[in-house]
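Please open the model in a viewer and keep the selection panel at hand. The tour proceeds from one selection to the next and describes what each one shows.

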Amino acid sequence: MKNGEERVGILTAMENEVRLLLSKAEIERTDRIGGVNFHTGTLSGRKVVIAQAGIGKALSAAGASTMLNQYNVKALIFTGVAGGVGDETRVLDLVIGTELVQYDYGIRNQDGFHWSPPLFSSDTGHFICDAELADMAWNAAVGVVGPEHTFRGVIASGDQFVASESFVRELRDTFGAVACEMEGAAVASVCEQYGVPFAVIRSMSDKADGKAHESIENMGDLAADHCGRVVMRMLEEMKK
Ligand code: ADE
């Protein structure tokens, strides 16, 4: 099914995360598939396909699957805002994923929930980002917010907006996570199945604590813009 020119796929969950990219791209065509607009065109000198797939693991996986099925995508970048998990990350810092994990995937027994990779499978439950793409994303992020505001590490995904300091500590202790969000690991799992390299670039809109709602409301648009700027710098780098 994959047709046409080779492209970089760019996927986001929300409208503010795709806004800057679409405003700067030269869009040649838009295909509406499964309720999602897939825009093909050129951005920062690269052929791209850009889509906003919706919030959460189900919609983002569906969007990734459609994108990889319908377009000739050689690398997929997922980008958007996230909650900062580590003590060192602050609002508007950038996190480049090294690996993604679904923190809400596992087993529920008498004693409660236990994280686990899929049963009856050799999967580890950890999805490793492409090292070369992650390096490019790192360099681009440093160019946007500086090295002291750029981090690398595990990103934990689940179908919950996290606004709890104790849960943040759990994500830190269990997975060594530096950011939490609602899509990355789902997209990563689809990319892994398709054998397509991927990167996840996240800008911290909040600290996933008691002030998370207020913070994402106030800082979400700016954080989302930073994601767009990083992606465009990265595309510039890929052009060379
Ligand atoms: N995206 C941005 N902030 C988030 C949070 N605190 N939890 C989950 N997803 C997020």
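The stops below cover the ligand, the pocket around it and a second pocket.

**Stop 1: the ligand and its shell.** Please note at the outset that this is a predicted model. Select the ligand and display the residues around it: 13 residues form its surroundings. The closest of them are Gly-83, Phe-161, Val-162, Ser-205 and Asp-206. Colouring this shell by class gives eight nonpolar, three polar and two charged residues.

**Stop 2: polar contacts of the ligand.** Next, select Asp-206, where a polar side-chain atom lies 2.6 Å from a nitrogen atom of the ligand. Move then to Val-162, which places a polar backbone atom 2.8 Å from a ligand nitrogen. At Gly-83, a polar backbone atom is 3.4 Å from a nitrogen atom of the ligand. How much of the ligand does the protein bury? Taken alone, the ligand exposes 260 Å², and 96% of that is buried by the protein.

**Stop 3: the elements around the ligand.** Switch to a cartoon view and select β5 (71-84), β11 (177-181) and β12 (198-206); these are the elements that give two or more residues to the shell around the ligand. Strand β5 gives the most, with three residues.

**Stop 4: the largest pocket.** Where does the ligand sit? The ligand occupies the largest pocket, whose volume is about 240 Å³. To outline this pocket, select its lining, which comprises 19 residues. Those nearest the centre of the pocket are Val-81, Phe-161, Glu-181, Met-182 and Ile-216. Two or more lining residues come from each of β5, β11 and β12. By class, the lining of the largest pocket divides into 11 nonpolar, three polar and five charged residues. Phe-161 may be kept highlighted here, as this residue is listed both among the closest to the ligand and among those nearest the pocket centre.

**Stop 5: the second largest pocket.** Finally, turn to the second largest pocket, which holds about 210 Å³ of space. Its lining consists of 13 residues, and Gln-102, Pro-118, Asp-123, Phe-127 and Ser-189 are the closest to its centre. Which element supplies the largest share of this lining? Select helix α5 (residues 184-194), which contributes four residues. The lining of the second largest pocket contains six nonpolar, five polar and two charged residues.

Methods: Residues are numbered from 1 along each chain as its sequence is written. This is a predicted model: local features need pLDDT of at least 70, side-chain atom pairs count only at pLDDT 80 or more; totals for chains, interfaces and linings use all residues. Side-chain values use heavy atoms; hydrogens and water are left out. A residue is near a molecule or strand if one of its heavy atoms lies within 4 Å of it. A polar contact is a pair of N or O atoms within 3.5 Å; within protein, one must be able to donate a hydrogen and the other to accept it, and residues adjacent in sequence count only if both atoms are side-chain atoms. Accessible areas come from the Shrake-Rupley method with a 1.4 Å probe; for residues, only the protein chains shown count as cover. On a 1 Å grid over the protein atoms alone, a cavity is a set of points where a 1.4 Å probe fits but cannot get out, and a pocket is an open set with protein on both sides within 12 Å along at least five of seven lines; lining residues have an atom within 4 Å of a point. A molecule sits in a cavity or pocket if more than half of its atoms lie within 2 Å of its grid points. Ala, Val, Leu, Ile, Met, Phe, Trp, Tyr, Cys and Pro count as nonpolar, Asp, Glu, Lys and Arg as charged, and the others, Gly among them, as polar. Grid points are joined across faces, edges and corners, and a volume is the space filled by probe spheres set on the points.
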